[in-house]
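Student: I'd like a close look at one part of this model rather than a tour of everything. Could you start with the strands and work outward from there?

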Amino acid sequence: MVTPVVDYALTRAEIDPDRLVLLGYSLGGYLTARAAAHEHRLAALTLDDGLYNYYDAHTQAMPPFLREWVETGQDDLANPVASLLMKGSTQLRWALRNGVWAFGATSVADYIRRTADYTLDGAAQLIDCPTLILDAENDQFFHGRPQRVQAALTCPHTLITLPETEGAGEHCHMGAMSRFHQITFDWLDTTPTPATQPTS
């Protein structure tokens with residue numbers, strides 16, 4: 001939860017209470033958006049990259065038969081296929097193994113099913129602070145996801161796609177963090193307004 005962090009930040013004399021900014025990257029692009037839907041003391045939100053539905057990010061990249069096996073709990077079929085796919089891709093192997101570990105799952109199929117609750121359905125429209133949504137041209141994990149976040153937001157928002165020609169086309173712009181910083185801080189210099197305090 002972000003609210004206790006904001007509560008503490010507001011006790012610090014060196015922090016401007018009207019310029020609190022929340023930034024999340026990778027899965028944090030979902031988690032911070034979810035937090036901002038319920039914490040309205042933020043002046044701005046930065047999502048690097050935007051992610052609307054974590055489950056869909058997994059299942060829409062799967063062959064249809066594998067998605068069906070995962071969704072119907074046929075783990076005796078799904079997990080061996082996932083293992084074969086992981087042997088051919090270091091990137092996929094890392095992503096799925098890390099997911100199993102981080103979620104405390106028993107298998108790849110179990111992990112993917114556990115991501116189903118990670119959606120901005122019913123939450124995106126509750127975000128009321130200006131929001132920067134970042135996108136990477138060749139994002140291998142969340143391709144097309146920032147646009148879905150943009151379509152769901154009702155608050156003031158900006159979508160910026162960083163291109164491969166600037167070295168910023170990979171997931172969360174790895175390899176071009178100085179460009180990411182330039183875009184983000186330029187936006188923060190001109191965008192945030194004092195957070196709207198909730199009325200009682």
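Which residue in β2 is the bridge partner of Tyr25?

Tutor: That partner is Asp48. Keep in mind throughout that we're looking at a predicted model.

Let's start with the strand that carries Tyr25. β1 covers residues 21–25, and its two sides look quite unlike each other on paper: Leu22 and Gly24 make up a covered face, while Val21, Leu23 and Tyr25 make up an uncovered one. That split follows a familiar pattern, since side chains in a regular strand alternate between the two faces of the sheet. So Tyr25 belongs to the uncovered face of β1, and its bridge partner is Asp48 in β2.

The pairing itself consists of 5 bridges between β1 and β2, with β2 spanning residues 44–48 and the two strands running parallel. To get from one to the other, the chain passes through helix α2, residues 28–36, and this β-α-β crossover is right-handed.

Now for β2 itself. Here 5 of its 5 residues are buried. Both of its faces are covered, with Ala44, Thr46 and Asp48 on one side and Leu45 and Leu47 on the other. So Asp48, the partner of Tyr25, is one of the buried residues of β2.

Asp48 has a second feature you'd want to check in any geometry review: the peptide bond joining Asp48 and Asp49 is cis, with omega at about 0°. Asp49 sits in the loop between β2 and α3.

Moving across the sheet, β2 also pairs with β3, through 4 bridges, and these strands run parallel too. In that pairing, Leu47 of β2 stands opposite Ile133 in β3. Strand β3, residues 131–136, is in turn joined by 6 bridges to β4, residues 157–162, again in parallel. One pair to click on there is Asp135, which stands opposite Thr161 in β4. The link from β3 to β4 goes through helix α8, residues 145–152, and that β-α-β crossover is right-handed.

Follow the chain beyond β4 and you reach the loop between β4 and α9 (177–190), where Cys172 is placed. Cys172 has a positive phi of about 60° even though it isn't a glycine. His173 is found in that loop between β4 and α9 as well, and its phi is near 65°, another positive value in a residue other than glycine. Neither of these backbones is out in the open: Cys172 is buried at a relative accessible area of 1%, and His173 counts as buried at 0%.

With a buried cysteine in hand, you may want to know about disulfides. The count comes to 0. Cys155 is in none, and the nearest cysteine sulfur, that of Cys129, is 6.2 Å away. Since a disulfide needs the two sulfurs within 2.5 Å, that distance rules the pair out. Cys155 is buried too, with a relative accessible area of 5%. For Cys172, the closest cysteine sulfur is again in Cys129, but at 19 Å, so it is too far for a bond.

Back to α3, the helix at the far end of the loop that holds Asp49. This helix, residues 54–59, is one of those that supply at least two residues each to the lining of the largest pocket, along with α4 (64–71), α5 (75–87), α6 (90–103) and α7 (108–114). The pocket has a volume of about 780 Å³. It is lined by 34 residues, and the ones closest to its centre are His58, Leu92, Ala95, Leu96 and Phe141. Of the helices, α6 gives the most to the lining, with 9 residues. By class, the lining has 23 nonpolar, 10 polar and 1 charged residues.

Two distances help to fix the overall layout. Ala116, in the loop between α7 and β3, is partly exposed at 36% relative accessible area. Its C-alpha is separated by 8.0 Å from that of Asp56, although the two are 60 residues apart along the chain. Leu84, on the other hand, lies in helix α5 and is exposed, with a relative accessible area of 58%. The C-alpha atoms of Leu84 and Thr190 are 49 Å apart, with their positions 106 residues apart along the chain.

Definitions and conventions: Residues numbered from 1 in each chain as written. Predicted model: local features only at pLDDT ≥ 70, side-chain atom pairs only at ≥ 80, totals over all residues. Heavy atoms only, no water. Buried < 20%, exposed > 50% of the residue type's maximum accessible area, 1.4 Å probe, protein only. 1 Å grid on protein atoms, 1.4 Å probe; cavity = no way out; pocket = protein on both sides within 12 Å on 5 of 7 lines; lining within 4 Å. Points joined across faces, edges and corners; volume = space filled by probe spheres on them. Nonpolar A, V, L, I, M, F, W, Y, C, P; charged D, E, K, R; others polar. Pairing = 2+ DSSP bridges. Right-handed = clockwise from strand over helix to strand, strands pointing away.
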